[in-house]
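Me: Could you take a close look at one part of this protein for me, the nonpolar core? I'm in my first year, so please keep it relaxed and walk me through what packs where.

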Amino acid sequence: MKKAYHRDRFFRKFRSLCASLFLAVMILILVSAVALTVTRPYPNEAADSAPWSLDGTSFSSRVYDRYGHEIAVLSGAERRLEIPLEEVPLYARQAFIAIEDERFYKHFGIDFIAIGRALLTNLRRRSWTEQGGSTITQQLIKNAYLTREKTLIRKLKEAWLAIKMEREFSKDEILEMYLNQIYFAHGAYGIEAAANHYFQKSAGELTLAEAAMLAGIPRSPNNYSPFVNYELARERQALVLNKMKEAGFIDQEQLDEALAQEIVLADPPEGGYPFPYFIDYALHSELVEILSALPDFGSEKEAYEAIYNAGLKIYTTMDAGIQSTIEKTLDDGNLYPQSVRVDMNKMKSLLESGDYNYYPEEVLSDKGILQPQAAVVAADPSTGEILALVGGREYGPNNQDLRYLNPRQPGSAIKPLAVYAPALEEKLLIPGSIVDDSPFIRGDWAPENFGRRFMGLVTVREALAKSLNVPAVKIFDQLGVDTGLEYARRLGLTTIVPDDRHLAAALGGLTRGVTAWDMAQSYAVLANSGIKVELHTIQRIEDRNGKVIYEHRREPEAVLSPQTAYLISDMLKDVVRQGTASGLKIMRPLAAKTGTTSENRDAYLIAYTPEIVVSLWMGHDIQTLGRISGGSGDAVSIMNVMLAQILQNIPPTDFERPAGLVGPVDICRKSGLRPGPFCPKEDIVAEIFPAELVPRDTCNLHVSLRICRASGLLAGSNCPPGEVESRVFLYRPSYELTDWRWKGGAGRGPEDTALLPPSDYCRYHTWWRRWYRPW
């Protein structure tokens with residue numbers, strides 16, 4: 001009992017303290033309001049500080065490319081339609097009052113009861129943002145007259161102006177201004193524009209259910225828009241209807257009928273500007289984030305209001321020529337495989353099942369030929385500036401038009417990032433190091449190469465150029481999974497998760513996959529001498545008066561040494577010269593890496609020069625419906641067309657070799673040492689080395705042995721001289737043969753075992769049969 005008494009006494013004191021603080025704040029607001037009234041007249045305050053005015057006047061924002069050419073005009077006024085209050089149904093007005101300001105007709109601009117209730121609720125829930133106490137009048141003042149700074153002075157001005165507005169306008173006039181000014185997402189301002197945008201009807205024709213859905217949007221337009229998140233919009237609609245019932249605006253029967261009504265949305269409007277793949281990302285991802293972080297805006301809602309009304313000048317990194325080239329290339333159906341057919345009835349049934357809510361019809365011909373989709377990111381590796389973004393074929397509102405942000409499996413395209421570059425940086429190997437492409441097993445997992453062959457001893461350069469899987473896994477195992485994945489993450493792969501900590505990650509076996517954006521970011525580090533510069537689309541933002549309010553600042557980060565970056569790029573040039581991307585016919589220094597997943601579900605191809613990196617993904621939106629018949633070869637065909645045009649006006653340059661590297665130096669590609677007297681000509685290759693790691697010893701694996709031609713074994717002392725000849729053999733390390741655990745079958749070993757010397761001596765020629773020759 002005593003404890004309960006002390007607890008109750010504590011809470012009574014605490015509530016008294018909160019009430020005293022609340023009263024003090026109210027007195028401060030009233031005193032400040034009086035002071036502000038004396039020192040600053042209302043009309044001038046509005047004119048000086050408001051970026052747009054209450055009468056609906058707005059300023060179109062303009063978007064520019066990297067050269068300062070205007071490419072788009074963004075105007076909220078195009079979808080700002082006004083309507084007299086008397087034409088808005090009573091239940092529609094009541095819906096907004098119920099959810100935003102249920103005491104609207106009872107307060108004088110600020111609502112002490114609502115503020116106190118919000119304060120107590122936030123204290124009880126230990127949050128300062130759980131509930132707010134702003135009235136409809138305050139919201140109108142904040143959105144139309146004040147800057148977006150989050151300060152006590154601005155809040156006091158808001159309260160004072162709300163009181164003053166209530167003295168100069170009637171409640172219905174204020175409500176009419178509010179309903180014609182609030183933002184409903186997608187550039188729609190005012191209830192009339194919103195009704196037209198979402199339901200293709202006038203606000204006067206809205207049903208109770210539709211009005212309730214609209215009333216739920218303004219609190220967070222880009223979250224509660226039914227075009228963005230329909231289920232969340234329905235939850236918000238139900239909240240509005242229940243608030244209306246609590247306020248006595250509707251009864252239970254009306255509530256039930258409204259909840260049961262089917263909501264039929266209009267089709268989302270098509271984009272009204274060119275290059276929508278690029279501009280959509282720049283505006284809705286990067287620009288909104290930038291503006292939301294600035295003091296004058298401070299929220300996503302205010303950022304969107306500025307974009308469509310504040311007359312901003314938005315300078316992007318886009319190269320319109322490159323953007324156009326890539327869009328036209330990806331739209332060319334002749335560049336895609338034509339051999340995959342689908343059962344139209346089966347596909348229709350699948351789509352109607354609800355598992356997928358769209359399908360890219362523009363890549364399905366009337367003959368039932370299913371073609372893959374594609375996405376491309378092109379960037380300047382030295383500056384991080386995105387030159388082009390294309391998210392698919394034939395841009396449309398029903399497609400996944402930002403496919404360059406969708407994670408898909410990378411296949412072998414991850415090898416330079418998670419295996420070879422980290423291993424070079426950790427000084428585990430160099431391009432001339434030798435790795436044994438022979439059977440390897442860990443647990444029950446036995447990796448195979450693409451052709452089910454084991455090549456034997458190969459250089460690191462050859463393993464990467466031919467995209468051999470087994471050497472990559474062995475190097476990854478020696479390097480350490482955690483080390484390799486951490487390098488890949490630092491290079492730019494943002495989708496790596498803890499569940500990716502396994503050897504199969506060396507071959508692209510990731511939980512989520514990677515995005516074309518991240519692949520461009522990561523390979524840009526290789527192209528830029530190991531320096532990472534964050535990719536971005538916004539260069540600079542100016543207000544309507546030309547004042548710079550944001551300018552991108554590069555923050556370079558050294559992820560790899562210049563030597564590692566150069567050696568990887570030099571090896572990836574061999575991928576183009578004689579490896580998996582040999583189909584690229586670009587007559588200039590070019591590095592590239594392919595990646596194809598099992599069953600050809602996805603294909604990546606990343607190609608780069610010192611001036612540009614281009615990341616291409618190909619695949620099907622619904623993976624189970626089709627494959628890429630030509631694998632990475634199809635990606636090579638598209639890349640050829642793009643690069644031929646993109647690089648026309650860029651003078652060819654090669655990757656600059658940093659200090660500390662020497663070569664080319666001849667080595668034996670089986671031992672990694674200097675060629676010996678018995679190394680076959682075809683096994684001598686030229687290689688680049690760090691100066692301190694140039695081999696000095698000569699090859700000790702190639703040997704010349706005397707062989708009896710008659711038996712094929714080592715010549716003995718009794719073999720006739722005419723039957724003895726010298727042959728070159730290879731002493732290679734021991735190896736394992738495959739068994740039932742390998743998918744490619746048992747009994748297979750490395751192909752260079754054929755070069756092993758015989759271990760036995762000739763048994764046919766003895767002292768009594770010295771001249772014997774077996775048939």
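Reply: Sure! This is a predicted model, and its largest nonpolar core has 137 residues. The ones with the most contacts inside that core are Ile326, Phe476, Tyr523 and Leu616. Helix 13, which covers residues 276-292, supplies the largest share of the core: ten residues.

Let's zoom in on Phe476. Leaving out residues up to four places away in sequence, Phe476 touches Ala418, Val419, Val481, Gly484, Leu485, His502, Leu503, Ala505 and Ala506. There's also another core lying apart from the largest one; it has 48 residues, including Leu85, Ile97, Ala195 and Leu214.

Now for the sheet, since helix 13 comes up again there. It's an open sheet of five strands, ordered 2-1-3-9-10, and the pairing is mixed. Strand 2 (70-74) and strand 10 (548-551) sit at the edges, each pairing on one side only. From one strand to the next, the twist averages 15°. Strand 1 (residues 61-64) and strand 3 (residues 313-316) run parallel and are joined by three bridges. Within that pair, Val63 has Ile314 of strand 3 as its bridge partner. Helix 13 packs on this sheet and touches strand 1, strand 2, strand 3, strand 9 (538-542) and strand 10. The direction of helix 13 makes about 60° with that of strand 9.

So, to tie it together: helix 13 gives the largest core ten residues, and helix 13 also packs on the sheet.

Note on methods
Residues are numbered from 1 along each chain as its sequence is written. This is a predicted model: local features need pLDDT of at least 70, side-chain atom pairs count only at pLDDT 80 or more; totals for chains, interfaces and linings use all residues. Side-chain values use heavy atoms; hydrogens and water are left out. A nonpolar core is a set of buried Ala, Val, Leu, Ile, Met, Phe, Trp, Tyr and Cys residues joined through side-chain atoms within 4.5 Å. Buried means under 20% relative accessible area, exposed over 50%, partly exposed in between (1.4 Å probe, protein chains only). Helices (H or I, at least four residues) and strands (E, at least two) are DSSP runs, numbered from the N terminus. Contact means heavy atoms within 4.5 Å. Two strands pair if DSSP finds at least two bridges between them. Axes are lines fitted to C-alpha atoms, for helices over the stretch in contact, and angles run from 0 to 180 degrees between N-to-C directions.
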